[in-house]
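This report describes selected features of a two-chain model, beginning with a single residue and its surroundings. The sequence and structure are shown first.

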Amino acid sequence: MRLLAAEFRKLTYQRAMWGLLTAAVLFSALGTAATAVIFDQSSDGLGFGTLEDQVVVDSVYANAISGYIFAVLVGVLIVAGEFRHGTAVATYVAAPRRGQVFLAKLIASLVAGVVLMIVSTAGGIAGGMIALEFYPEAADPSVDIFVNTSLAAIVSGAVLGVLGASIAALIRSQIISLIGVLIWLFAIEPILLLLFPDQGKFFLQGLITAIMALDVESEQFNLNTADFADPLSATLLLLGYALVFAVLSMIVSIRRDVE
Amino acid sequence: MIAIAFRGLTKTYGKVPAVDNFTAEVQAGRVTGFLGPNGAGKSTALRCLVGLSRPTKGRTRILGKRYPQLKNPLHHVGAVLDSRGFHPGLTGYQNLRVLASVGGLPGSRVDEVLAQVELTEARDKRVKGYSLGMKQRLSLAAALLGDPDVLILDEPANGLDPAGIAWLRGFIATQAQAGKTVLVSSHQLAELENVVDDVIIINKGKLVASGSLHDVTGDQTLEQAFLRLTGGAQ
């Protein structure tokens, strides 16, 4: 508990963490608002339909979870920041049982990721509501989308927080870890999902989308979410990814010298 | 009574031995200088001692136990190993408060140690605005948090100006008077000579001398003895 208390104290002291939370809220809010505008401006909603369709309005709200990129960044900073600033030495001298220290970091990353996602998703939903107020023709959203988006936010926050911390423990370099996860999430995964949807749907973004149980199809984007995994399988697979990376990084953290 | 023991400690990086079958002891309640040229293996030995590096062979003990076996080590051992070891965006108080949390210590203890190292006025200043000397003092404050019996100080005089070095000398003397065990590595041999009871000299990873200051130096100064023993005078 002391280690956890120290981790949460460190989190709340760091301005960068508050900056990431603010950025996540703005990113999500602007993301949903912009999606509503883009769907309205595009005559056929980019192949998805129009705002008069409930599934399209649901898609707008589904974008409220787009802040998950910041959850993975928080995880990276919690672990890699220790090596970047050299505070790992003081931490491990004060608490030499590395397994316990790293477990505390994983839990802190998980909790921070969930909190960030709950707050940013709420901001995203609010952004969508405000934007859709300007389109009286827009359909009412389904109740399910709010439930599923909230679940996806919690699961993705937990999983990506842990993945970020794990990746940082394996790589150690904050810059390389940050650049690596950004390239993976913004470039490699979208390309895989576009070019190889049958395989791409089993990566992070495909699985997070699957939790929301949206039924959208777009030929332009080679996307049909009906083919995605069911929400329970997607959740379990995401948790499995997090568990595998957590165990791997735990083993490495215990065995490797602290430089 | 032995406070710190290195027993056949060997640490290799690849095939290069940084510390090679190093055996030495530090007596409780005494100030021991840990000396050696750059790259002699001092820092590596100290990192093995506090569990940051895993020995390739041999073992280390503090107060009779492996460091990770010490219950709440902040209360037994204070270590200064890296003056860079503070988050620059946090204040001096916040950095120490995080460490105090690990040891279950209250915030009031942080203020006490900040006062001990004369950093009370800089308490709420971000560490990125600290001078090197202030960072060294903050490291010493961190080491004092749990009021430990053993202090391990790796190059605490690095980057200090003459006033800072004089302050450090007083700090070590105060700790010695309080009966603490101090193991201090430094290149400030003339300064060290005034405060140490014993010395351990290491060169190329191997022990070259250990004992009381007088036994090791004889009629020479510490600097002369050091140069003679490490071949630096050639």
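## Core surroundings of B:Ala141

In this predicted model, B:Ala141 is in contact with B:Leu96, B:Val113, B:Leu114, B:Gln116, B:Val117 and B:Leu119, neighbours within four places in sequence being left aside. B:Ala141 is also among the residues with the most contacts inside the largest nonpolar core, together with A:Val74, A:Val162 and B:Ile152. That core comprises 160 residues.

## Sheet of chain B

Chain B contains an open sheet of 6 strands with mixed pairing, ordered β5-β6-β7-β3-β8-β9. Its edge strands, each paired on one side only, are β5 (77–80) and β9 (206–212) of chain B. On average, neighbouring strands of the sheet are turned by 10° against each other, direction ignored.

At one edge, β5(B) runs parallel to β6 (residues 150–154) of chain B, and 4 bridges join the two. Within this pair, B:Val77 stands opposite B:Val150 in β6(B). Helix α8 (residues 222–230) of chain B packs on the sheet, where it touches β3 (31–35), β8 (198–203) and β9 of chain B. The direction of α8 makes about 30° with that of β8(B).

## Contact between the chains

Chain A contributes 23 residues to the contact and chain B contributes 28 residues. On the side of chain A that touches chain B, the elements giving two or more residues are α1 (2–13), α2 (15–41) and α5 (87–94) of chain A. Of these, α1(A) gives the most, with 7 residues. By class, this side of chain A has 13 nonpolar, 4 polar and 6 charged residues.

Methods:
Residues are numbered from 1 along each chain as its sequence is written. Chains are lettered from A and ligands numbered from 1 in the order in which they are written. This is a predicted model: local features need pLDDT of at least 70, side-chain atom pairs count only at pLDDT 80 or more; totals for chains, interfaces and linings use all residues. A nonpolar core is a set of buried Ala, Val, Leu, Ile, Met, Phe, Trp, Tyr and Cys residues joined through C-beta atoms within 7 Å. A residue is buried if 20 or more other C-beta atoms lie within 10 Å of its own, exposed if 12 or fewer, and partly exposed in between; C-beta atoms are placed from the backbone. Two residues are in contact if their C-beta atoms, placed from the backbone, lie within 7 Å. Ala, Val, Leu, Ile, Met, Phe, Trp, Tyr, Cys and Pro count as nonpolar, Asp, Glu, Lys and Arg as charged, and the others, Gly among them, as polar. Two strands pair if DSSP finds at least two bridges between them. Axes are lines fitted to C-alpha atoms, for helices over the stretch in contact, and angles run from 0 to 180 degrees between N-to-C directions.
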